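User: Please take one helix of this chain and go through it closely, for someone who has not seen the structure before. What surrounds it, and what follows it?

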Amino acid sequence: MGVRVAGADVQHLADGDTSVNGGEVPTRAGRVRPVSGRRFPQRTGLDFTGEAVALGPAATGPAVGDRIWGIMPRTSGFGAAEYVAVRPRQLGRIPKGLDVVEAAALPAGTTAITALRDKARLRPGERLLVRGAAGGVGHVAVQLGKAMGAHVTGLARADNLGPVHRLGADEAYDYRATDPADAGGYDVFLDTMGKDFEAHRRLPGPAGRMETIAFDVERPVGSLGYLLASAAHGRRRVRFFSGNPRTALFNDLAAHVADGAIRPVVDTVSPLEEIGAAHRALEAGGVRGKFVVRVD
């Protein structure tokens, strides 16, 4: 994939990749039109990796030939393309030791850093619960939680419990067969699924923190309304945010990769012409890490 930095922008790379993100699936399917807008088709591929191929006259930071990764702004374009244009502040350099396929599994990990470090302010010794622990953000959150000194519990499908343990989780439970409340209270709950907020918001203790990066796409208006009401009232708030990482955050992610705290997990790799199959696989559930899409 070619990244071009045009004007104050960069353009995207040759020999790069993207991945399928959970939020893209309902957007592409038209299930969240109150949020995404009603103009279709909706483009896909938020994150990208590749090589910078051109710089605009005002561009600073990357150089032509640099291997870079980043996340496209949701309002101006998406990364499932041979070339993209993006501003320098929306990308960083891929750390040494990662190829572009591995790197494509990680840009969404910036969301895990924001959630645990900046929003929840996770502290050593605290108990962290990650819902969707085998997924694109969840598999990074499990590793990051351990690196931050937390006791980590993961919720995932039964066939993903082994992989979640291997990521470093102290405990892992089948979300369909286990009540996580049976394992005790939690200080921080990171939810990547966005459903059943009423049933899950009491899992953290009275002084605990619940962060979510998703909402119920089957009832988006009611779900977002619940989040707004929760943020305004009560001690057990459910705080929603959508990641919009900048270069400093990609540099933090790269540092965690370099010191071995975070490693990518690639479920499958598909060519760009089979991106539809990758979307269907994510819709079916059970992903381990990321479905990566090659853009050559």
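Analyst: **Helix H4 and its surroundings**

Helix H4 is mostly covered, with eight of its eleven residues buried. Buried means under 20% relative accessible area, exposed means over 50%, and partly exposed is in between (1.4 Å probe, protein chains only). Helices (H or I, at least four residues) and strands (E, at least two) are DSSP runs, numbered from the N terminus.

This is a predicted model, in which local features need pLDDT of at least 70 and side-chain atom pairs count only at pLDDT 80 or more, while totals for chains, interfaces and linings use all residues. Residues are numbered from 1 along each chain as its sequence is written, and side-chain values use heavy atoms, with hydrogens and water left out.

The chain as a whole has ten helices and 15 strands. Of its 296 residues, 52% are buried. A contact means heavy atoms within 4.5 Å. Among the contacts in the chain with a separation of 6 or more, 68% are between residues 24 or more positions apart.

**What covers the helix**

The buried residues of H4 are Gly109, Thr110, Thr111, Ala112, Ile113, Thr114, Ala115 and Leu116. Their cover includes strands E5 (67–71), E8 (127–131), E11 (186–191) and E12 (204–212), together with helices H5 and H9. The two helices can be taken in turn.

**The contact with H5**

H4 (residues 109–119) and H5 (residues 138–147) have axes that come within 8 Å and cross at roughly 45°. H4 is therefore oblique to H5. Axes here are lines fitted to C-alpha atoms, for helices over the stretch in contact, and angles run from 0 to 180 degrees between N-to-C directions. Angles under 35 degrees count as roughly parallel, over 145 as roughly antiparallel, 65 to 115 as roughly perpendicular, and the rest as oblique. The crossing of H4 and H5 is right-handed; that is, the near helix is turned clockwise from the far one by less than a right angle, whereas anticlockwise would be left-handed.

On the H4 side, the residues that meet H5 are Gly109, Ala112, Ile113 and Leu116. On the H5 side they are Val140, Ala141, Leu144 and Gly145. By class, the residues of this contact are six nonpolar, two polar and no charged. Ala, Val, Leu, Ile, Met, Phe, Trp, Tyr, Cys and Pro count as nonpolar, Asp, Glu, Lys and Arg as charged, and the others, Gly among them, as polar. An α-helix has 3.6 residues a turn, so residues three or four places apart point the same way.

**The contact with H9**

The axes of H4 and H9 come within 9 Å and cross at roughly 95°, so the two helices are roughly perpendicular to each other. From H4, the contact takes in Gly109, Thr110, Ile113, Thr114 and Arg117. From H9, it takes in Leu249, Phe250, Asp252, Leu253 and His256. The residues of the contact of H4 with H9 divide into four nonpolar, four polar and two charged. Gly109 and Ile113 are listed both in the contact with H5 and in the contact with H9.

**The core**

Leu116 of H4 also has a place in the largest nonpolar core, which has 43 residues. Along with Trp69, Leu106 and Leu128, Leu116 touches the most other members. The largest share of this core, five residues, comes from H9 (residues 247–258). A nonpolar core is a set of buried Ala, Val, Leu, Ile, Met, Phe, Trp, Tyr and Cys residues joined through side-chain atoms within 4.5 Å. In soluble globular proteins, nonpolar side chains tend to be buried together.

Leu106 can be followed further. Apart from its neighbours within four places in sequence, Leu106 is in contact with Trp69, Leu98, His139, Val140, Leu253, Val257, Ile262, Arg263 and Pro264. Of these, Val140 is one of the H5 residues that meet H4, and Leu253 is one of the H9 residues in contact with H4.

**After the helix**

Arg121 lies in the loop between H4 and E8. Arg121 counts as exposed because its relative accessible area is 57%. Just after H4, Arg121 takes a positive phi of about 55°, in a residue other than glycine. Most residues other than glycine have a negative phi.
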